[in-house]
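User: Hello! I am new to this structure and would like to learn how to read it step by step. Could you guide me?

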Amino acid sequence: MLITGIKSRPVYDELTPMASGLRHVAAAQGSGGEPLLRLLGEMDPVQLAATTVLYSIESFTGRNHLAHIKKHQVRELFVFPTNAEAVRGLDAVLATAQMGTRLYLSGSEGFIGTSMQVATSYGMNRDEVLREHAGSFVRRVWCAHCGHYSENVTRRVFQCPGCERNLVVRDHYSGRLAAFQGVKADGEVPGELPEDEELDT
Amino acid sequence: MPAIPTPTGFTLDETYTPEGEYRFKNSREAVRRLPFPFPDDEYMYSMNLEPHVPAGDGALSAAFDIDEHYVSECAHRAQMLRDMPGVHYLALPHMLEAQWDLLELIFESYNRDFPEHFTLTKNGNEWRWQNRLLGIDDSFTFGDPATLPMDPMEYATRQAQGEFVVLEERDNTLVIGAGMTTQRADYSLQFNLGMNFSEFHGPVPKLDKLGILDRALKFLLRMKPGHPVRRVNWSLTVNPRLETSVETLPDWAPDRAKVTAENAGEMVHLRIELQPLHLLPRSNAIVFPVRTYLVSLAELVEHAPDWAKRVHRALASLDHELADYKGFHRYHAAAVEWLSQHDDGAPLATGYPWYPDGIQPGNS
């Protein structure tokens, strides 16, 4: 359904407690609160006591799971108004993380992707991280011409806020940039745009 | 500093950019030595890997081929790196060992295959590298990056024709770890860096369906040092433009709309990619070089008429999806129409030209 045809798009997991973990860090955003709650529900008290939760209430679809998250007895809970601040918060948490730390990410693709950039910068391997997508499949798009990142892109063709070119979103995803690729849509003949469409519907 | 003696047999005053007015042409010899990539009248996408052993007396007689465009291509690379820093050369931090491997492979190959131009002298780890074509005479300590003015891979590939992508093995796949790609055909190194084999092949149509990708990956993961393999690939490019990256697409894509059946011979260039893959001995990384050759359709007709006929037939029967992927959908018909005037329909040999029975350039 969501992954069809895009071979470079990440394949997501289901969040479930990793028994090998000595410390757990769970970062979620908006609708990602739902998988997070499921994860916390599956943890035993020892795991919960070793779990740091980061939650951003920024949401494209308006879902906020904070009240339910607060009911779980975790080691610490940090709440952020925006995804960007949550990712910076994750950076600060991982900066002090030790061997045996396991990371759980859930939310939009842009949030998971940018959080994954942070995890990679600390040398975390794929087998130490679980990622579960939740909510809308809006895309984060990198403009190949000016380098601008656009969040929450929903249309095949859109105007880049960085360079004002019309971009077409290619079905090609870069984990390193945590973004899809946007290239000039009317590159060959100005004004001759490809057909616009809703993405991932 | 001593003056660089002018090398003979190399075109120095040559450009690959609109600012330089695309001053580029091939001699008859340069055309007839090309690794011509069409063994049959009908083109089929395939991995077509074969052992990279010297063959014929053309582009496949050396491990890393150089030709009359060597000096101008190195100058173009330097200009592209200067104009867009951080776009054309990138390396992930842990790739240093592979970088030294690659430097050694390129320099040893050039030293062995073109001793009149290059000399590598080793005294333990103290190496001296002489490149008489570019007037370089440097000494450095192999393995010690502080003794070079830049990354070992950047240093070596600034002096090499073709682009170079280094792939590292990780979790049973190959991941792009570094690249020197000033001659990219419509992709972005910044974007693709860190991608695995199936991810960076994602946009190629039909590949997966044909099961080609899995087989190719399995084959590459079994490669052995000292046993390189090669394949050839091709596309079309308007004007002799080497740098056709995604980043600069707004600069070059409009040229695609300027091609007509009248000017296709001059404007449309066959872009041949010779890809000799090597497993690097210390790092276990694989280097994927793309040695790019540009030749206009008119040059093919003039110097290699049988190859021009073959290109006509291969393009005329080409699948639309592939033409679209290769980016010449808009002028595909114009190129075919122009070439049709130069194809009498005579039967042509099959097989690559570096094999004795393969298709030869023909005589005009």
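Analyst: Gladly. This is a predicted model, and confidence is a good place to begin. Chain B has a mean pLDDT of 94, with 96% of its residues at 70 or more. The model as a whole scores ipTM 0.90 and pTM 0.89.

User: Why should I look at pLDDT before the details?

Analyst: Because where pLDDT is low, predicted coordinates should not be read in detail.

User: Let us try a sheet, then. In what order do the 7 strands of the open sheet in chain B run?

Analyst: In general, strands of a sheet pair through backbone hydrogen bonds, in a parallel or antiparallel way. Here the order is E1-E8-E9-E10-E6-E7-E2 in chain B, and the pairing is antiparallel. At the edges are E1 (50–51) and E2 (89–91) of chain B, each of which pairs on one side only.

User: How many bridges join E6 and E7 of chain B?

Analyst: There are 7 bridges between E6 (residues 163–170) and E7 (residues 173–180) of chain B. To see one of them, find B:Val165 and look across to E7(B), where its bridge partner is B:Gly179.

User: What can phi tell me about a loop residue?

Analyst: Most residues other than glycine have a negative phi, which makes positive values worth finding. In the loop between E6 and E7 of chain B lies B:Asn172, and its phi is positive, near 65°. Another case is A:Ala178, with phi near 55°, in the loop between E9 and E10 of chain A.

User: Are B:Asn172 and A:Ala178 buried or exposed?

Analyst: B:Asn172 is exposed, because it has 10 C-beta neighbours inside 10 Å and the cut-off for exposed is 12 or fewer. A:Ala178 is buried, because 23 other C-beta atoms lie within 10 Å and 20 or more are needed for that class.

User: How do I describe two packed helices?

Analyst: Give the angle between their axes and the distance between the axes. In chain B, H11 (residues 305–316) and H13 (residues 332–340) pack at about 145°, with axes 9 Å apart. The crossing of H11(B) past H13(B) is left-handed. Among the residues in this contact are B:Val311 and B:Leu315 of H11(B) and B:Val336 and B:Leu339 of H13(B). By class, the contact has 7 nonpolar, 3 polar and no charged residues.

User: Finally, how many residues does each chain bring to the contact between chains?

Analyst: Chain A brings 18 residues and chain B brings 19. On the side of chain A, E9 (166–174) and E10 (179–184) each give two or more residues. The largest share, 3 residues, comes from E10(A). That side of chain A has 6 nonpolar, 7 polar and 5 charged residues.

How values were computed. Residues numbered from 1 in each chain as written. Chains lettered and ligands numbered in written order. Predicted model: local features only at pLDDT ≥ 70, side-chain atom pairs only at ≥ 80, totals over all residues. Axes fitted to C-alpha atoms, helices over the stretch in contact; angles between N-to-C directions. Helix = DSSP H or I, 4+ residues; strand = E, 2+ residues; numbered from the N terminus. Left-handed = near helix turned anticlockwise from the far one by under 90°. Contact = placed C-beta atoms within 7 Å. Nonpolar A, V, L, I, M, F, W, Y, C, P; charged D, E, K, R; others polar. pLDDT = per-residue confidence, 0-100. Pairing = 2+ DSSP bridges.
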